[in-house]
Every structure is written in C-alpha cells, then in structure tokens.
Amino acid sequence: TREDVEAVLGKPIGRFPDFDRFRNELGKFLAWYSACSYIAGRGQSERTITVGKLERLVYFPKKHAPFSEYAAETRDYKREDSPAVKGRFLYLSKNEEIMFETAFLASGEEVVMSIELSAPDLPPEAKCEQRPKQGQ
C-alpha cells in the first residue's frame, strides 16, 4: 500500500491519485498504485488486487553501479535495445518482473541507470476494465 511504501521511502515529493515521486539518499523513486480493483494472476496464484496496491516501482540510483553488482548472472536476463533512449539497453528477467536499464559511460563501463519492479499481473489495459468512464 501507499503507507507501506512511504514507511520505507519517506514522504513523497509529488503525489497524484495513483502515482507518487520520492527522493532520498539512495536516489529517486517512482511508484504506481492500482487505480481500481481487479483479479490478477491465474490458477493458484490468482488474487484480488484492491485500489491503492503497489503495482510498479522504478528506482533511479544516485550512484551508478555495474549491472554485475545487482545481478550475478547476465544470462538470467534477456538483453535488448531500449526503445525509449538510444544507446541504452534493457535487461529483463525471465518473468519480466524485473527490468534494468543500462548505459555505457565514457570509460566503457556498463552501469545501471534504473531498476523497474512490476507486479506479475494482467497487462495494464486489462486491469481496470470495470473502471467507470469519466462522467459516470
């Protein structure tokens, strides 16, 4: 919940209905929360997500460290070019719940620019199908 995130990261520097921005001694954080209730997962892992649950967290470290400091084996991740920023790369975990964005410094060292953690749920467009349309 928002309260749990704030207990760890401190008070947000920006707050929106389903999104918060944080800054602390470790770096910057962006947190997205569920805007509606929905069923997530399948089979035994199926659960109900209620309004305000953390769905996605992005961390921008203040100190850029090599990818190897975060993940022991790069082969556990699929590497691809970043579609958003030329010259950056994404490392996605097999279940796509963890994504590292990296860049090369002038020294040639590849460092982590951001880390994204996402809930292993339905695609975002399927989550809030019951959300009332504006004006209703």
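These legends go with a set of close-up views of one predicted model.

**View 1. The sheet is open and has eight strands.** Reading across, the order is β1-β2-β3-β6-β10-β9-β8-β7, and the pairing is antiparallel. At the edges sit β1 (14–16) and β7 (77–81), each of which pairs on one side only. From one strand to the next, the twist averages 20°. As background, strands of a sheet pair through backbone hydrogen bonds, in either a parallel or an antiparallel way.

**View 2. Helix α1 lies against the sheet.** This helix covers residues 2–9 and touches β1, β2 (19–24), β3 (27–33) and β6. Its direction makes about 10° with that of β2.

**View 3. Here β6 meets β10.** Strand β6 (residues 54–61) pairs with strand β10 (residues 110–118) in the antiparallel sense, over four bridges. If you want a spot to zoom in on, take tyrosine 59, whose bridge partner in β10 is isoleucine 115. Is β10 enclosed or open to the outside? Seven of its nine residues are buried, so the strand is largely enclosed by the rest of the structure.

**View 4. On to the hairpin of β9 and β10.** Strand β9 (residues 98–104) pairs with β10 in the antiparallel sense, this time over seven bridges. One facing pair to look for is threonine 102 opposite valine 112 in β10. Five residues sit between the two strands, and glycine 108 in the turn has a positive phi of about 95°.

**View 5. A close look at asparagine 24, in strand β2.** Is this asparagine buried or exposed? Asparagine 24 has 15% relative accessibility, and the cut-off for buried is under 20%, so asparagine 24 counts as buried. Its side chain reaches the backbone nitrogen of leucine 26 at 2.8 Å. Setting aside neighbours within four places in sequence, asparagine 24 is in contact with Leu9, Phe29 and Lys62.

**View 6. Inside the largest nonpolar core, which has 15 residues.** Which of them touch the most other members? That would be Phe22, Phe67 and Phe100. The elements giving two or more residues to this core are α1, β3, β6 and β10, and β3 gives the most, with three residues. Phenylalanine 100 has plenty to show in a close-up: leaving out neighbours within four places in sequence, its contacts are Phe67, Tyr70, Tyr77, Phe89, Leu90, Tyr91, Val112, Ser114 and Ile115.

**View 7. A confidence check, including the stretches where pLDDT stays under 50.** Across the chain, the mean pLDDT is 83, and 83% of the residues reach 70 or more. Among the elements, β2 has the highest mean pLDDT (96), while helix α2 (residues 124–127) has the lowest (49). Over residues 122–126, pLDDT stays under 50, and the model has three contacts beyond four places in sequence for this stretch. Residues 130–136 also stay under 50, with two such contacts.

Key. Residues numbered from 1 in each chain as written. Predicted model: local features only at pLDDT ≥ 70, side-chain atom pairs only at ≥ 80, totals over all residues. Heavy atoms only, no water. Pairing = 2+ DSSP bridges. Axes fitted to C-alpha atoms, helices over the stretch in contact; angles between N-to-C directions. Contact = heavy atoms within 4.5 Å. Buried < 20%, exposed > 50% of the residue type's maximum accessible area, 1.4 Å probe, protein only. Polar contact = N/O pair within 3.5 Å; in protein donor to acceptor, adjacent residues only side chain to side chain. Core = buried A, V, L, I, M, F, W, Y, C linked by side-chain atoms within 4.5 Å. pLDDT = per-residue confidence, 0-100.
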